[in-house]
Amino acid sequence: MSKHSQTNAGAVLVVDLDAICNNWRALRARLGGAQCAAVVKADAYGLGAQRVAPALYRAGCRHFFVAHVDEAISLRPLLGADASLYALHGSPPGAEAEFPAHGVVPVLNSLRQLAAFRALAQRHGKALPAVLQVDTGMARLGLSAPELEQVVADAGLLQGVELKLVMSHLVSAEDPSSPTNRLQLERFRAALGRLPTVAASLANSSGIFLGPDYHFDLARPGAALYGVAPVGGADNPMQSVIRLRGKVIQTRSIDAGTAVGYNHRWTAAKPSRIATVAVGYADGYLRSLSNRGTAHFEGIPLPVVGNVSMDTITLDASAVPEDQLQEGSLIDLACPLNPVDAVAERAGTIGYEILTSLGNRYARSYLGGE
Ligand SMILES: *Cc1c(COP(=O)(O)O)cnc(C)c1O
C-alpha cells in the first residue's frame, strides 16, 4: 500500500472481508456438527453490515442475528431467502406484524412478547416462527425460571408459535475459569429439559472456545468474526480484520519544555518532533487514549502525546527521520502490529467498543468477500 492516501478523508479504514469469512470458517470448523451463525448487529460491530452479511452469506452462513428489527429489515434484501434473520430484542410493542411481513424471526424475551406474538399468529391463522430466550444468569433479556415454568405449565402459551430455537446468553465466556459458565450451562440444560424438543443455542464467540458442551445446535459468534480475541489472556487465533490509518496534517519541531495540546497534559522532555493526525474522539479514537495510545509508522511505534482532541491527535514522531514523515503520510492507528484488543487495553475498554466506535468520517474500503 502507498505511503500517501488518495482521499481527502482524515483516515483510511480497510476492512478485510476475506479475513471475516476465514474467521467464520475457522469457528465453524471448531464447532464440529453444530451450525455457525453470524452476529451482525450494530452495523456488523461498526464494520458495515451491508458488506459483511452478504460476504458471509456467500461463504455459506445461513443464520444472522441483529439487535433491532429495523437492522434486520435493511439486511433482508441482501440475503438469500434460505437465510434466517433473527432480531435479538424481539418486537417493540405493536410492531409484531413487521416480522412475518419482512421474513424476520423475533427472539421472544418476555411473556408479554410471547403473548403479543401468539396473538399475531392467531390473526394470521397460522403458526409463525420465533426463538425463545431463557435467562440463565445475565438478568438482562429472556424468561426467568418462574416465567419458564408458566410456559411449561400451560402449553397454550406457545400455541401458534413455531419454535425455531431456544437460546440463552453467557455472562463471562471469555474467562474459561469463571464458574458462571458451568452454572449457566446447567441452567440452560434444565430449561431445555422442560420444553418441547427444539434446536438450542448458547455460545457467543468465546463460548465456542469453552468446548463442545457449549456448542448445542447453533453458535452465535460476533466479535471473533471481526478479529477480537475470544479467550482472555490467550493467543488470538482469529485473523486480523481491520487496518486504520490516519493522515498526518502537520508536523513541527518543538523545544524541550514545550507542552502539547489541550490542558498541556504532556511536556517534551527533550527536543521533539510532533505529528498531528486528523483523527480524534469524534471518530471513535477514544479520549481515554490521551497520553496512552500508540500509533505506528512503518512499524516504528509513535506514542500519542497530550490529550486526544475532537478531530486530531498529536504523536511524538521523534523516532522517524524528518524527511520521511510529512504532511499526507499515513500512520497506522490499528493494524496487525497494534490490534484492536491492544488499542482497547490502552483505552481501558474492550475490543468491541473500539470497533463499534469507528467513525463515519473514515474513507472505507473493503478487501475480498466475493
Ligand atoms: C452480541 C451477542 C452475541 C455475539 O457475542 P460475541 O461476544 O460478539 O460473539 C451473541 N448472542 C447475543 C444474545 C448477543 O447479544
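# Exercises on pockets, cavities and aromatic pairs

In this predicted model, helices H2, H9, H10 and H11 each supply at least two residues of the lining of the largest pocket.

**Exercise 1.** Describe the largest pocket by its volume, by the residues closest to its centre and by the classes of its lining residues.

*Solution.* Begin with the volume, which is about 820 Å³ for the largest pocket. The lining is made up of 43 residues, and those closest to the centre of the pocket are Glu174, Asn204, Ala223, Ile350 and Tyr352. Next, ask which helix contributes most to this lining: helix H10 does, with three residues. Finally, sorting the lining by class gives 21 nonpolar, 15 polar and seven charged residues.

**Exercise 2.** Determine how many cavities of 30 Å³ or more the whole structure holds, and set out the linings of the largest cavity and the second largest cavity.

*Solution.* The search of the whole structure returns two such cavities. The largest cavity encloses about 90 Å³ of space, and its lining consists of Leu244, Asp283, Gly284, Tyr285, Leu286, Leu289, Leu333, Ala334, Val343, Ile354, Leu358 and Tyr362. By class, this lining divides into 10 nonpolar residues, one polar and one charged. The second largest cavity has a volume of about 40 Å³, and among the residues that line it are Gly293, Thr294, Asn338, Ala342 and Arg346. Helix H10, which spans residues 340-347, provides the largest share of that lining, namely three residues. Its class division is five nonpolar, three polar and one charged. As a last step, compare the two lists: Tyr285, Leu289, Leu333 and Val343 appear in the lining of the largest cavity, and they appear in the lining of the second largest cavity as well.

**Exercise 3.** Characterise the aromatic pair of Tyr45 and Tyr352 by its geometry, and say where in the chain its two members lie.

*Solution.* Four aromatic pairs are counted in the structure. In the pair of Tyr45 and Tyr352 the ring centres are 6.0 Å apart and the planes meet at 40°, so the pair is classed as tilted. Because Tyr45 belongs to helix H2 (residues 41-45) and Tyr352 to helix H11 (residues 351-357), the pair ties together parts that are 307 residues apart in sequence. With a relative accessibility of 6%, Tyr45 is buried, whereas Tyr352, at 31%, is partly exposed. Together with Tyr226, these two residues form one aromatic cluster.

**Exercise 4.** Classify the pair of Phe188 and Phe216, and decide whether each ring-bearing residue is buried or partly exposed.

*Solution.* The pair is edge-to-face, with 5.0 Å from centre to centre and 85° between the planes. It links distant parts of the chain, since Phe188 lies in helix H8 and Phe216 in the loop between helix H9 (205-208) and strand S10 (218-219), 28 residues apart. Phe188 has a relative accessible area of 0% and is therefore buried, the cut-off being under 20%. Phe216, at 24%, is partly exposed.

**Exercise 5.** Establish whether Asn181 is buried or exposed, and list its contacts beyond its neighbours within four places in sequence.

*Solution.* Asn181 is found in helix H8, which covers residues 179-194. Its relative accessible area is 2%, so Asn181 counts as buried. With neighbours within four places in sequence left aside, Asn181 is in contact with Ser172, Ala173, Asp175, Pro176, Leu210 and Tyr214.

Technical notes:
Residues numbered from 1 in each chain as written. Predicted model: local features only at pLDDT ≥ 70, side-chain atom pairs only at ≥ 80, totals over all residues. Heavy atoms only, no water. 1 Å grid on protein atoms, 1.4 Å probe; cavity = no way out; pocket = protein on both sides within 12 Å on 5 of 7 lines; lining within 4 Å. Points joined across faces, edges and corners; volume = space filled by probe spheres on them. Nonpolar A, V, L, I, M, F, W, Y, C, P; charged D, E, K, R; others polar. Helix = DSSP H or I, 4+ residues; strand = E, 2+ residues; numbered from the N terminus. Buried < 20%, exposed > 50% of the residue type's maximum accessible area, 1.4 Å probe, protein only. Contact = heavy atoms within 4.5 Å. Phe/Tyr/Trp six-rings, centres within 6.5 Å; stacked < 30°, edge-to-face > 60°.
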